[in-house]
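Colleague: I should be grateful for a close look at a single part of this model. Please choose one strand, and then explain how the rest of the structure is arranged around that part.

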Amino acid sequence: MEKTVRFTFPKKERLKSKKLFKALFTEGSGIREHALKLLYIKTAFDDDVQFKVAFVAPKKKFNSAVKRNRIKRLMLEAYRMNKPLVFNNMEGNFAFLFLYLGDDMPNLEAMDKGMKKLLTAFLKKERNEKNV
RNA sequence: AGAGCAGGCCACCUUAUCGCUGCAACAUUAGUUGGAGAGGAAAGUCCGGACACCGUAGUGCGGCAUAGCGGGUAACGCCCGUCCACCGAAAGGUGAGGACAAGUGCAACAGAAAGCAAGUACAGUUCGGCUGUAGUGAAAUCAGGUAAACUCUAUGCGGUGAAACGCCAUGUAAACCAACAUUAAAGGGCGGCACGUCCAAGUUGGAGGGUAGGCGGAUUGAGCUUUUGGGCAACCAGGGGCCUAGAUAAAUGGUAGGGAUAUACAGAAUCCGGCUUAUGGCCUGCUUUAUUU
């Protein structure tokens, strides 16, 4: 029976390990969709979680902490609303890192659109690699 | 009403719903319910402390900071009161406001000359640039001004900084620690220098440092609020009441409706007291100008 995915984001699903962050930046695969970029890597977790996610807004572009917080929260919200897209269609464990590379402050609508495109692109890419 | 001065307050609210981080209760695996959840500057990291560790940090020199007087405070470079100086018509504001009767240095314009070299005019004269006057100037061989000039005086200051520090699990070596043994020099460490002081190899025992992880440190505190008394005030003393974020790649957000519309600067990271800077709005008091009565 397929377990129902709710629009939640508990602490467990947050990426915390410094090692994984390092690995993501050095050897993670990347997909860019306009202002959003996804870095991901296949891995395994000790606790029973399928994905671990982190959100990053670069300090170089947004030096105000309030703005960085805002961007991260918007990304989280967009990811949370689109979770079923990956949870219901994907096998395996992944670590995700979402980067915001735009120059302007985004709004939720744009973020949601970008997130949908990005996740769809990710699914496509992974399936192709599996089939090859 | 205009212009200005001083001080205080607030920081969109609310309902529903989807989420996030602690806490409490119930379940004691999953979870459910309840309640709490950024600031006046959380910022800059500029001062002062608490706390922690560092070879107990001693002495001298050096260095840095402060500077009327009195008070407040855990402490301060902060605050309050007051004198003086300056600015302003006033309300009010500003303040590197100790000392030039120790030494050294500096000084625009004017002037012969503002300290080592020169000497104007007139008069006196013991013929010595010796005396007086004039003239320039704030000041003239007699001192004065200047210490956001060196300097002197008084007072204070050990260093590092929560990535500190303590503990747990993992755990490899000659590097860590303790005890014993033991010593001469070189060398090295300890805040800049000097004095001073500490350190090596061996044996035995314990297990350190580094790396990644977890827990503590960590939120009850020089706390908030109310009241009485003291004080011009800063503030102090007593009584009552309250518990008010605690994350760790780092919680406090999204959507919809309503309040007519719009929502400044900005995000806790060990904790306090200040200062400075950024910034939307409201209120109070005072000064002054003009008009009306």
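Modeller: Let us take strand S4 and begin with its neighbours. Six bridges connect S4 to strand S3, residues 51-56, and the two strands run parallel. Please keep in mind throughout that this is a predicted model. One pair in this arrangement is Phe 55, whose bridge partner in S4 is Phe 98. S4 also pairs with strand S2, residues 36-42, this time in the antiparallel sense and over seven bridges. Here Leu 38 is the residue that stands opposite Phe 98. Phe 98 therefore serves as a useful landmark, since it faces Leu 38 and is also the bridge partner of Phe 55.

We may next ask how far S4 itself, residues 94-100, is covered. Seven of its seven residues are buried, and this holds for both faces of the strand. On one side lie Phe 94, Phe 96, Phe 98 and Tyr 100. On the other side lie Ala 95, Leu 97 and Leu 99. A general tendency is worth recalling at this point: in soluble globular proteins, nonpolar side chains tend to be buried together.

The largest nonpolar core of the model contains 27 residues. Among those with the most contacts inside this core are Phe 96 and Phe 98 of the strand under discussion, together with Phe 55, Met 75, Tyr 79, Met 111 and Phe 122. Several elements contribute to the core: S2, S3, S4, helix H2 (65-81) and helix H4 (108-131) each supply at least two residues. Apart from this core there is another, of ten residues, which includes Ala 95 as well as Ala 23, Leu 24 and Leu 39.

Helix H2, which was named above as a contributor to the largest core, also leads us to RNA strand B. H2 provides seven residues of the surface near RNA strand B, which is the largest share. A polar side-chain atom of Arg 70 lies 2.2 Å from a phosphate oxygen of the RNA, and the corresponding distance for Arg 73, also to a phosphate oxygen, is 3.0 Å. For Arg 80, a polar side-chain atom lies 3.2 Å from a sugar or linking oxygen. Besides H2, helix H1 (18-27) gives two or more residues to this surface.

In total, 20 residues surround RNA strand B, and the closest include Arg 70 and Asn 69. Sugar and phosphate make up 72% of the RNA atoms that come within 4 Å of the protein. The residues of this surface divide into eight nonpolar, three polar and nine charged.

Notes:
Residues are numbered from 1 along each chain as its sequence is written. Chains are lettered from A and ligands numbered from 1 in the order in which they are written. This is a predicted model: local features need pLDDT of at least 70, side-chain atom pairs count only at pLDDT 80 or more; totals for chains, interfaces and linings use all residues. Side-chain values use heavy atoms; hydrogens and water are left out. Buried means under 20% relative accessible area, exposed over 50%, partly exposed in between (1.4 Å probe, protein chains only). Helices (H or I, at least four residues) and strands (E, at least two) are DSSP runs, numbered from the N terminus. A nonpolar core is a set of buried Ala, Val, Leu, Ile, Met, Phe, Trp, Tyr and Cys residues joined through side-chain atoms within 4.5 Å. A residue is near a molecule or strand if one of its heavy atoms lies within 4 Å of it. A polar contact is a pair of N or O atoms within 3.5 Å; within protein, one must be able to donate a hydrogen and the other to accept it, and residues adjacent in sequence count only if both atoms are side-chain atoms. Ala, Val, Leu, Ile, Met, Phe, Trp, Tyr, Cys and Pro count as nonpolar, Asp, Glu, Lys and Arg as charged, and the others, Gly among them, as polar.
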